[in-house]
Amino acid sequence: MTRLERLRKQFVKQYIDSLIIMDPANIYYLTGIELMAGDGLLFVTNDLAVIITDDRYETYLDELENDQVMGLITRDYFGKLAELVGKLEVEIVGFENTLSYRDYESLDDLMPVGMVACDRIVERLRRIKDPEELSKLRQSAHVHDQGYQYVLSIIKPGMTEKEVADQLDAFMKQHGASEASFPTILASGPNSAKPHATVSDRPIQVGDVVTLDFGYFVDHYTADMTRTFVIGQATPEIEKVYQLVNQARQAVIDHMKAGMAGNLADQAGRSLIDLAGYGQYFNHGMGHGIGLAVHEFPASYGPKTKKLKLRHQEILTVEPGIYLPGKFGVRIEDDVIVSHAGVEVITKTPTDLVVVTPDA
């Protein structure tokens, strides 16, 4: 069954007989066609799939080998869509509820039939990866493993966080990545205690804890990897916190399997951090889905995700962390493929604490 056929099977549940798709990642997932945001839309009925875009894409569509999708070239995307809907026997048009209010108003004024907002209808299909997607995600993770080893080879005291992040960016793009899927986090010293620190001009110093969290698209699919290491020498407190986070990460991986509730997967690791007295310093979910976006469905699994059941052949991150304000933070993140038998960890870099020795 093709992805478009799988989508059409959802129409009855959504009480629609057609769907407007404007999210570029969803359009690519369903058709293999790459549109930039705002450059058109995909309209799917029970019988047709139509890309409506402008003449900048005309040659691209002509050369595309996809007999499931036809193209309409226009500069008036919504006008052409309304005209098409008027000619077809459709009664209810669904649209992604991520549509901007401005676009919704424009469509609502033009559409000759009723419209219904649909919540993550394509994103839920994207959750389960097919073998080709899993292969691409493994390759993406492999490039991330290489990127982390590169950072360990070049980082030294005196370099700024930004300098290291810029060199990582160049390395990733030289080794198959197209672009970052989110702004790289390279946080040193007290900055590492901020879960979503931005890269700064702070010079890296001997004794710093450094957290590197990065994701890049490789052949359209992104991994998401975090490692924490130390420059110089780790204090007993750093070693203690690091080992606790690493044990929590491994506990989640050891317990995870398809069918498990999201809160139970989370609890396998969070309970260790709670029992050690650091529960208040772990203030985010245990992980999230990845694929064509760095935060795919499920957007998060954690203590309150009892109704979320892990699925066979979905890919999730596992990323416990402890953040001690003003001191340091530790986060370790792996990407795993969930199955009925357990998980496959696709980020292969070992998670033992690394201490980078400064140059003499």
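**Figure 1. The end of helix 3 and the residue that comes after it.** In this predicted model, helix 3 is followed by G32, a residue whose phi is positive, near 80 degrees. The helix itself spans residues 24-31, and because 6 of its 8 residues are buried, helix 3 is largely enclosed by the rest of the structure. The buried residues of helix 3 are N26, I27, Y28, Y29, L30 and T31. At the N-terminal end of helix 3, D23 acts as a cap, with a side-chain oxygen placed 2.8 Å from the backbone nitrogen of A25.

**Figure 2. The surroundings of V69, a residue in contact with T31 of helix 3**. V69 lies in the loop between helix 4 (58-63) and strand 4 (70-73), and with a relative accessible area of 15% V69 is buried, since the cut-off for a buried residue is under 20%. When neighbours within four places in sequence are left aside, the residues in contact with V69 are L4, T31, I33, A49 and I51. In contrast to these contacts, the C-alpha atoms of V69 and V206 are separated by 57 Å, the two residues being 137 residues apart along the chain.

**Figure 3. T228 and the polar contacts of its side chain**. T228 is found in strand 12, which runs over residues 225-231, and its relative accessibility of 2% places T228 among the buried residues. The side chain of T228 is joined to the side chain of T211 by a polar contact of 3.1 Å, and the T228 side chain also reaches the backbone oxygen of R331 at 2.7 Å. Both partners appear again in the list of residues that T228 touches, which, not counting residues up to four places away in sequence, consists of V209, V210, T211, Y242, G329, V330, R331 and L353.

**Figure 4. E314, a buried residue in a loop between two strands**. E314 is found in the loop that lies between strand 14 (296-301) and strand 15 (315-318), and at 1% relative accessibility E314 counts as buried. A polar atom of the E314 side chain lies 2.7 Å from the backbone nitrogen of R311. Leaving aside neighbours within four places in sequence, E314 is in contact with R127, I128, P298, K309, V336, I337 and V338. For one of these, I337, the C-alpha atom is 5.8 Å from that of E314 in space, while the two residues are 23 residues apart in sequence.

**Figure 5. The cis peptide bond between F297 and P298**. Most peptide bonds are trans. The bond that joins F297 and P298, however, is a cis peptide bond, with omega at about 0 degrees. P298 is found in strand 14, and P298 is also one of the residues in contact with E314, so that this view can be read together with Figure 4.

**Figure 6. Y15 and R120, two loop residues with positive phi**. Most residues other than glycine have a negative phi. Y15, although it is not a glycine, has a positive phi of about 60 degrees, and Y15 is found in the loop between helix 2 (11-14) and strand 1 (18-21). With a relative accessible area of 69%, Y15 is exposed. R120 likewise has a positive phi, near 55 degrees, and is a residue other than glycine; R120 is found in the loop between strand 6 (114-118) and helix 7 (121-126). At 34% relative accessibility, R120 counts as partly exposed.

**Figure 7. The protein as a whole, given as context for the close-up views.** The secondary structure of the protein comes to 11 helices and 20 strands. The radius of gyration is 23 Å, close to the 21 Å that the globule rule gives for 360 residues, and the protein is therefore as compact as a globular protein of that length. Taken along the principal axes, the box filled by the C-alpha atoms is roughly 75 × 40 × 35 Å. Of the 360 residues in the protein, 53% are buried, and among contacts with a separation of 6 or more, 65% are accounted for by residues 24 or more positions apart. The accessible surface comes to about 16300 Å², and 50% of this surface belongs to carbon and sulfur atoms. The protein carries 35 positive and 52 negative charges, and the mean positions of these two sets are 7 Å apart.

Notes
Residues numbered from 1 in each chain as written. Predicted model: local features only at pLDDT ≥ 70, side-chain atom pairs only at ≥ 80, totals over all residues. Heavy atoms only, no water. Helix = DSSP H or I, 4+ residues; strand = E, 2+ residues; numbered from the N terminus. Rg over C-alpha atoms; globule rule 2.2 N^0.38 Å. Buried < 20%, exposed > 50% of the residue type's maximum accessible area, 1.4 Å probe, protein only. Contact = heavy atoms within 4.5 Å. Areas by Shrake-Rupley, 256 points an atom, 1.4 Å probe, with all protein chains shown as cover. Lys, Arg positive; Asp, Glu negative; His and termini not counted. Charge placed at Lys NZ, Arg CZ, Asp CG, Glu CD. Polar contact = N/O pair within 3.5 Å; in protein donor to acceptor, adjacent residues only side chain to side chain.
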